[in-house]
Amino acid sequence: MISLRGVSLVYPNGVRAIDGIDLEIGKGDFVFLVGHSGTGKSSLLRLLYREMTPSAGDITVDGIRVDRLRRSRIPALRRHLGVVFQDFKLLTDKTVWENVAFALQVTGAHTKDVMRQVPRCLDLVGLSHKSRMYPGELSGGEQQRAAIARALVNNPKILLCDEPTGNLDPANTTEIMDLLGRINLKGTTIVVATHNQAVVDRMRRRVIRLENGRVVTDEERGYYFLGLGQDQILSG
Amino acid sequence: MDWGKIKFFLGEVFRNFTRNAGMQATAIGTVAVTIVLLGAFLYVHASVAHLSGDVFSKITISTYMKPAATSAQLDAVRTALAKDERIATATFVPKKEGLKELSQRMKGQIDTSLFTENPLPDKFRVSVRDPQLVPAVAASIRKLPGVDTVEYGQDVVQRMLQVANVGRRVGIGIIALFVLVAGIIISNTIRLTVFARRREISIMQLVGATNMYIRMPFICEGLLDGILGACLAIGILAIARASLVPKLAAALPWVQINVVQIDISSLVLQLVVVGGAVGIIASWIAVGRFLRT
């Protein structure tokens, strides 16, 4: 579903954000990207939805050669992807319903589809009863659920999440991660960049650890710290 | 037709338009000033062209032959004038007829019957197709054998041509300047609304809206600025024409202002098209800069 070969990203100021990454993520996978701030987690995600273009290497997402994509084809790529951010990026002057519908409307979708897809997604994230409220009237967790509903409204096969729980308390964090787990069960490939140790250790999914723009470890059913669960750290 | 889509689109345009009402008013006003100038210029230009067309069409080149010119030279000049494609008509006026014309024109002032001999030379009265070419044609006629002098009111014609050309150039320059200023102001207005909505635009790009789709509401906003400005200008021009023309006609009775027929509907159409085009181009540039980053 996602494949990177020899991908590097050098910023104009000379910083190597990504330094020769090879990576395969299969259909229906749930993957954590972990590492300190500034190790290239967000940069890697930005490369996948073509917010940035790699300096070298091949990137394929859902069969699309992202690194060679013409500018005019970027919207088509973005419709195959859902993206969720730490700061939600909701429009504060639109209701929850309008925020979710907006993502469909701007792709030129028919009103018929909007009327069908928006309730489906709001139902999935459990916000149907708050669809007429504005983001300012919601809790952080609810706002993030609205953002996830918006990301899903195009029926993407891949959901990219950049620190989705960074602004949330532990209870809301658990709620959001459970929601992502349920979405993954329906077959959506999910990539989550995070430095929340509790989240990673509780879910026990594939963990890709980045350091200085390189993959240092890649384990199935991993922990936040290499080979160590939280309980083991505490007891050791 | 998908009314939901149209309603959504028009809602976006309306929201943009009302967000910066002050700036929109400035943009519309600037367009209006530009279009008023353009309209007045086109109107005056058409009137002047009509009037001066009359004057210019009456310009003739009087070609006087030397008294000693032979009949062969006369024929040579006649065929040369007939061959010249710049010349519309060339009439030969023998000196007898010239004297008749003179006595008629000077009736009561000079008694031509007192002349013991005819002092007038033979002449050709030449009219030229394009008034701009009068000096050149006159110069080439003068070189023909047997031609004595050539007269066409040199000073007056040259002055008139100069004034007409300078007037047209200055007018076009001023209008080009105003079109540019109006474009810049519309562009800045649109940039303000684009800036106010930059979060929305980045989210639109994120969820896969095409640049064309993102552009559309802003282009419509610019178009609206341009067309509303043009309509305002046309209103001002109509009022100005209704109140000024009768006064002008009274003040300048010898200028037949009311005789000038100008196609008002095509003028209005031209002005609206210019306004709309300025709006579209300016907003296209304004949004384009934003989308590229």
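What distance separates the centres of domain 1 of chain B and domain 2 of chain B, taken over C-alpha atoms? In this predicted model, the two centres are separated by 52 Å, and the domain assignment behind that value gives domain 1 of chain B as 3–55 + 159–292 and domain 2 of chain B as 60–152. The points below take up the strands of chain A, then the helices and surface of chain B, and finally the salt bridges, of which the structure holds 23 over all chains.

**Parallel strands of chain A**

- Strand β7 of chain A, residues 158–162, is largely enclosed by the rest of the structure, because five of its five residues are buried.
- From β7(A), A:Ile158, A:Leu160 and A:Asp162 point one way while A:Leu159 and A:Cys161 point the other way, and all of these residues are buried.
- This arrangement can be read against a general pattern: in a regular strand the side chains alternate between the two faces of the sheet.
- On one side of the pairing scheme, β7(A) is joined in the parallel sense to strand β6 of chain A, residues 81–85, over five bridges, and here A:Gly82 stands opposite A:Leu159 of β7(A).
- β7(A) also runs parallel to strand β8 of chain A, residues 189–193, with five bridges between the two strands, and in this pairing A:Cys161 lies opposite A:Val192 of β8(A).
- Between β7(A) and β8(A) the chain passes through helix α6 of chain A, residues 170–185, in a β-α-β crossover that is right-handed.

**Antiparallel sheet of chain A**

- A separate description applies to an open sheet of four strands in chain A, which has the order β2-β1-β4-β5 and antiparallel pairing.
- The edges of this sheet are β2 (16–25) and β5 (64–65) of chain A, and since each has a single partner strand, one side of each is left without a neighbour in the sheet.
- The pairing of β2(A) with strand β1 of chain A, residues 2–10, is antiparallel and extends over six bridges, with A:Ile21 in β2(A) serving as the bridge partner of A:Val7.

**Surface and helices of chain B**

- A nonpolar patch on the surface is formed by B:Val33, B:Leu37, B:Val166, B:Val170 and B:Ile174, which together have about 390 Å² of accessible area.
- Both α2 (21–57) and α6 (154–196) of chain B supply at least two residues of this patch, and α6(B) gives the most, with three residues.
- Among the patch residues, B:Val33 is found in helix α2 of chain B and counts as partly exposed because its relative accessibility is 42%.
- B:Ala40 also has its place in helix α2 of chain B, and at 31% relative accessibility B:Ala40 counts as partly exposed.
- Although B:Ala40 and B:Arg241 are 201 residues apart along the chain, their C-alpha atoms are separated by 9.3 Å.

**Salt bridges**

- In chain A, A:Glu175 and A:Arg145 form a salt bridge whose closest N and O atoms are 3.4 Å apart, and the pair links distant parts of the chain, with A:Glu175 in helix α6 of chain A and A:Arg145, 30 residues apart from it, in helix α5 (residues 140–152) of chain A.
- The two partners differ in exposure class: A:Glu175 is partly exposed, with a relative accessible area of 34%, whereas A:Arg145 is buried, with a relative accessible area of 14%.
- In chain B, B:Arg15 forms a salt bridge with B:Glu12, with 3.4 Å between the closest N and O atoms, and because these residues are three apart in helix α1 (residues 3–19) of chain B, about one helical turn separates them.
- B:Arg15 counts as partly exposed at 24% relative accessibility, whereas B:Glu12 counts as buried at 5%.
- B:Arg15 also meets B:Glu200 in a salt bridge of 3.0 Å, N to O, a contact that links distant parts of the chain, as B:Arg15 lies in helix α1 of chain B and B:Glu200 in helix α7 (residues 198–206) of chain B, 185 residues apart.
- B:Glu200 is buried, with a relative accessible area of 5%.
- Salt bridges that share partners join A:Asp93, A:Lys94, B:Glu12, B:Arg15, B:Arg197 and B:Glu200 into one network.

Notes: Residues are numbered from 1 along each chain as its sequence is written. Chains are lettered from A and ligands numbered from 1 in the order in which they are written. This is a predicted model: local features need pLDDT of at least 70, side-chain atom pairs count only at pLDDT 80 or more; totals for chains, interfaces and linings use all residues. Side-chain values use heavy atoms; hydrogens and water are left out. Buried means under 20% relative accessible area, exposed over 50%, partly exposed in between (1.4 Å probe, protein chains only). Two strands pair if DSSP finds at least two bridges between them. A crossover is right-handed if, with the strands pointing away from the viewer, the path from the first strand over the helix to the second runs clockwise. Patches are made of residues with over 30% relative accessible area and no salt bridge: like charges are joined within 9 Å, nonpolar side chains (Val, Leu, Ile, Met, Phe, Trp, Tyr) within 5 Å. Accessible areas come from the Shrake-Rupley method with a 1.4 Å probe; for residues, only the protein chains shown count as cover. A salt bridge is a side-chain nitrogen of Lys or Arg within 4 Å of a carboxyl oxygen of Asp or Glu. Domain bounds come from an automatic or database domain assignment.
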